[in-house]
Amino acid sequence: MIVITAPTGNIGRHLLPLLLDSGPARGERLRVIVRDPARLSDAVRERVEVITGSHGDAEVVDRAFDGADAVFWLVPPDASLSPEDAYSGFTRPAAKALAAHGVGHVVGVSALGRGTPVAHRAGLVTASLAMDDLIAETGVAYRALANPSFFENLLEEADSIREKGVFTDAVAADRKAPLVAVADIAAAAARLLLDRSWTGNGSVPVLGPQDLSPDDLARIMTEQFGRPVRYERQSLDDLHTTLVGYGLDEAFVRGIADMKQAKDDGLDAGVTRTPDTTGATTFEQWCARTLKPAVLS
């Protein structure tokens, strides 16, 4: 029995089909935790057991983890909370349920940066790493998918790219760093969930095929869209003002700003790319398939 949290989210919607394709042949049953079952297709609901509710709720995870052999764990960040509450606070009921039900394996979505000099001051990433520790302390075999920033974050910039030919971030224009497509994170999760021969605790980096800077992204988008796209660096003060203006929790906003600063200081640069840590999707491929239709629609 594999339990999937956030099955309709950015990663879950890629992961669930992979498990539905390969799991039954291996004798795996699938159980999902979802707030709104209507967001699952009829075909999916016929093939999985559905637990309705939030996986941050103690009663929900207690029911969901009963009889489970493996869990895919993803925390949907809540910008109304502090980073610690959004990650570890949300996860504590699940940690108790994992131990109570003797779940053997957990694959969690986390971040790069563990062991780097800036890991202790990386905001949301620091909170995510503390969540990993909380899960590992339950005694399960745990693998944290250590991810850099997602290609999909650029979808939030689609309107600005379309209307002004500009996207923004808070890192240096020439700061090269790994990026990854969520589909490649889902593929890594599926491999670990279906082959549970691994033991102990550790991180599994999931990187795109190459490091890219914001200027690199702008160049590729310009080539793909046939129109100029440029990068504008936003100051951390401006980022803070903008996000607080949207009503986000002050501590959560500081967590975002601290993460951005840490990334600019090399947070994501501590892992060597190998064939085992490299996702299949290039930025060019993702841009043509996903971002270009969103921008040019």
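Here a biologist and a modeller talk through a predicted model.

Biologist: Happy to start with the helices! At what angle do H1 and H7 pack?

Modeller: Two packed helices are described by the angle between their axes and the distance between the axes. Here helix H1 covers residues 12-22 and helix H7 covers residues 182-194. Their axes lie 8 Å apart, and the packing angle is about 40 degrees.

Biologist: Is that crossing of H1 and H7 left-handed or right-handed?

Modeller: H1 brings His 14, Leu 15, Leu 18, Leu 19 and Ser 22 to the contact, while H7 brings residues including Val 182, Ala 186, Ala 190 and Leu 194. As for its hand, the crossing of H1 and H7 is right-handed.

Biologist: And how many nonpolar residues does the contact of H1 with H7 have?

Modeller: Sorting the contact of H1 with H7 by class, we find no charged residues. There are 2 polar ones, and the nonpolar count is 11.

Biologist: On to Thr 5, then. Why does Thr 5 count as buried?

Modeller: Thr 5 is found in strand E1, residues 2-5. Leaving aside neighbours within four places in sequence, its contacts are Ile 33, His 55, Phe 72, Trp 73 and Leu 74. Buried means under 20% relative accessible area. Thr 5 counts as buried because its relative accessible area is 0%.

Biologist: Which backbone oxygen does the side chain of Thr 5 reach?

Modeller: The side chain of Thr 5 has polar company on the backbone. One of its polar atoms lies 3.0 Å from the backbone nitrogen of Leu 74. The backbone oxygen reached, at 2.8 Å, is that of Phe 72.

Biologist: Next along the chain is Ala 6. What is the phi of Ala 6?

Modeller: Ala 6 sits in the loop between E1 and H1 and is buried, with 18% relative accessibility. Most residues other than glycine have a negative phi. Ala 6 instead has a positive phi, near 50 degrees.

Biologist: Let's look at the core. Which residues touch the most other members of the largest nonpolar core?

Modeller: In soluble globular proteins, nonpolar side chains tend to be buried together. The largest nonpolar core here has 41 residues, and elements supplying at least two each include helix H4 (83-101), strand E5 (105-111) and helix H10 (250-264). Phe 65, for its part, touches Val 3, Ile 33, Trp 73 and Leu 98, among others. The members touching the most others are Phe 65, Trp 73 and Val 106.

Biologist: How many residues are in the other core that lies apart from it?

Modeller: This other core includes Ala 6, Ile 11, Leu 192 and Val 206. Its residue count is 33.

Biologist: Now for a long-range pair. How many Å apart in space are Tyr 142 and Gly 202, C-alpha to C-alpha?

Modeller: Tyr 142 lies in strand E6 and is buried at 2% relative accessibility. Among the residues it touches are Val 106, Met 131, Trp 198 and Gly 202. Tyr 142 and Gly 202 are 60 residues apart in sequence, yet their C-alpha separation is 6.5 Å.

Biologist: Last one, and thanks for your patience! Which backbone oxygen lies 3.2 Å from a polar atom of the side chain of Asn 147?

Modeller: Asn 147 also belongs to strand E6 and is buried, with a relative accessible area of 3%. Its contacts include Val 109, Ala 111, Ile 185 and Val 206. The backbone oxygen at 3.2 Å from its side chain belongs to Leu 145.

Terms used:
Residues numbered from 1 in each chain as written. Predicted model: local features only at pLDDT ≥ 70, side-chain atom pairs only at ≥ 80, totals over all residues. Heavy atoms only, no water. Axes fitted to C-alpha atoms, helices over the stretch in contact; angles between N-to-C directions. Helix = DSSP H or I, 4+ residues; strand = E, 2+ residues; numbered from the N terminus. Left-handed = near helix turned anticlockwise from the far one by under 90°. Contact = heavy atoms within 4.5 Å. Nonpolar A, V, L, I, M, F, W, Y, C, P; charged D, E, K, R; others polar. Buried < 20%, exposed > 50% of the residue type's maximum accessible area, 1.4 Å probe, protein only. Polar contact = N/O pair within 3.5 Å; in protein donor to acceptor, adjacent residues only side chain to side chain. Core = buried A, V, L, I, M, F, W, Y, C linked by side-chain atoms within 4.5 Å.
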